[in-house]
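Good morning, and thank you for coming. I would like to take you through one structure, beginning with a strand and moving outward from there.

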Amino acid sequence: TSSSFPFPHYLQQAVPALALCVAAAPIWADEDDAGKLALGVGAVLVVAVVFGQFAFAFEDRRQLDPIDYYRTFASHRYGTMSDLDYEYYFDGNVITVRDVVASIDADGGSHASLYTWSELPWLYAAGSFTNPTRYYTSFLGEVIPGAKAEILRDLDARPPAYILVSDDTFAPFGELERLVDQHYEIVTQHNDWRLYRRLADKTADAGS
């Protein structure tokens, strides 16, 4: 709840640990009514804080509702929801990630270095790609002061084999577009994303 971003899915990974702590609390074995009352008041306050911070985000981003999230997980797990419906529940980005990984594999770039200006950080795990910079989303690259300058320095020091640019981003990155125009060529484009390969890598492959 101390996060500056109103993203309720940040709470989901805390639920199992919280449940274990509550179940293991020695206060349940005590007959101290005052302690139980204090714990109950504390729980109400925590719920109030969480609700106050995340209530609007639950309404704006349905797929982040933790109750619906786990209900969807159970439906898919027990076969009442198809794989495709499950993927589209998460706004279709799973399918985009699969398409991008397939495009890079088809170009011979399996396990290559990749930088993506997008909201697709799962690309790195899905394709075993390495990232030359520490930023994985356009959101963080835009809102963190100095991030764009750092990204450009990292890309200059360790040029990735591929750069993926999406139009569905938190904000545009004009300097990155200029870098791509100078040193990369397009491999493929589909819907709102474009995949580029570094020209130097293409030349080296041709020479070998």
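Let me begin with a question: are the two faces of strand β1, residues 114-117, buried or exposed? Both faces are covered: L114 and T116 on one side are buried, as are Y115 and W117 on the other. Buried here means under 20% relative accessible area, exposed means over 50%, and partly exposed lies in between, with a 1.4 Å probe and protein chains only. Helices (H or I, at least four residues) and strands (E, at least two) are DSSP runs, numbered from the N terminus.

A word on the basis of these statements. This is a predicted model, in which local features need pLDDT of at least 70 and side-chain atom pairs count only at pLDDT 80 or more, while totals for chains, interfaces and linings use all residues. Residues are numbered from 1 along each chain as its sequence is written, and side-chain values use heavy atoms, with hydrogens and water left out.

The pLDDT, the predictor's confidence in each residue from 0 to 100, averages 84 over the chain, and 84% of the residues score at least 70. Over residues 203-208, however, the pLDDT is below 50, and this stretch has 1 contact in the model beyond near neighbours in sequence. Contact means heavy atoms within 4.5 Å.

Let us return to β1. This strand pairs with strand β2, residues 162-166, in the parallel sense over 4 bridges; two strands pair if DSSP finds at least two bridges between them. Within that pairing, L114 stands opposite Y162 in β2.

Next, the nonpolar core. By this term I mean a set of buried Ala, Val, Leu, Ile, Met, Phe, Trp, Tyr and Cys residues joined through side-chain atoms within 4.5 Å. The largest such core has 29 residues, of which L114, Y115, L123, I163, L164 and L176 touch the most other members. The elements giving two or more residues to this core are α5 (93-106), β1, α6 (123-127), α8 (147-157), β2, α9 (174-183) and β4 (193-198). In soluble globular proteins, nonpolar side chains tend to be buried together. Leaving aside neighbours within four places in sequence, L123 has contacts that include V97, V100, V101, L114 and L164.

Helix α9 deserves a closer look. Its residues L176, L179 and V180 are buried. Seen down the axis of α9, the buried residues fall within an arc of 100°, so they line one face of the helix; the arc is that of the directions from the helix axis to the C-beta atoms. D181 and Q182, on the other side of α9, are exposed. Among the elements covering the buried residues of α9 are β1, α8, β2, β3 (184-190) and β4.

Finally, the salt bridges. A salt bridge is a side-chain nitrogen of Lys or Arg within 4 Å of a carboxyl oxygen of Asp or Glu, and by this rule there are 7. Which residue meets D167 in a salt bridge at 2.9 Å, N to O? The partner is R194. D167 lies in the loop between β2 and α9 and R194 in strand β4, so the pair ties together parts that are 27 residues apart in sequence. D167 is exposed, at 53% relative accessible area, whereas R194 is buried, at 14%. D167, E177 and R194 are linked in a network of salt bridges.
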